[in-house]
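Here are my notes on the model, set out as numbered points. Please read them alongside the coordinates.

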Amino acid sequence: MDRSDFYCIRNSGSGSTVLSALLIKVPKTKFWGIDRLSTDNLRDSLLASPAVDETIGILSIDYADKNRGNLRSLYLQSAGSRAATCPIRI
């Protein structure tokens, strides 16, 4: 399996990609991974990964929250912030 299979993204026009890019000050076209084409596909790819501890993706809060028992969320800290926030309980 190719390592890029473990990076799940949406295209550079999706809301979760655009907002994440703005928050961490990375161009929205510079995210690595395979465009899963829809949020449903991205969620399903994360849940079905054969290497769950090595797989990462940018998933909108509503999808992550509905799957909090099976997915772990990372803290996100914007540039210049003194603290990170986690939108859902880990």
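1. C8 has contacts well along the chain in this predicted model. Setting aside neighbours within four places in sequence, C8 is in contact with I34, R36, L42, S45, L46, T55, I56, G57 and I58.

2. Two of those partners, L42 and L46, also belong with C8 to the largest nonpolar core. That core has six residues in all, and L59, A64 and L71 complete the set.

3. Helix α1 spans residues 15–24, and its buried residues are S16, T17, S20 and A21. Viewed down the axis of α1, these buried residues fall within an arc of 125°, so they line one face of the helix. L19 and L22, on the other side of α1, are exposed.

4. Just after α1 comes K25, whose phi is positive, at about 60°.

5. R43 deserves its own entry. This arginine lies in helix α2, which covers residues 39–48. Is R43 buried or exposed? Its relative accessible area is 18%, and buried means under 20%, so R43 counts as buried.

6. The side chain of R43 makes a polar contact with the side chain of D40, at 3.3 Å. Not counting residues up to four places away in sequence, R43 touches L59, Y63 and N67. Of these, L59 is also a member of the largest nonpolar core.

Key. Residues are numbered from 1 along each chain as its sequence is written. This is a predicted model: local features need pLDDT of at least 70, side-chain atom pairs count only at pLDDT 80 or more; totals for chains, interfaces and linings use all residues. Side-chain values use heavy atoms; hydrogens and water are left out. A nonpolar core is a set of buried Ala, Val, Leu, Ile, Met, Phe, Trp, Tyr and Cys residues joined through side-chain atoms within 4.5 Å. Buried means under 20% relative accessible area, exposed over 50%, partly exposed in between (1.4 Å probe, protein chains only). Contact means heavy atoms within 4.5 Å. Helices (H or I, at least four residues) and strands (E, at least two) are DSSP runs, numbered from the N terminus. The arc is that of the directions from the helix axis to the C-beta atoms. A polar contact is a pair of N or O atoms within 3.5 Å; within protein, one must be able to donate a hydrogen and the other to accept it, and residues adjacent in sequence count only if both atoms are side-chain atoms.
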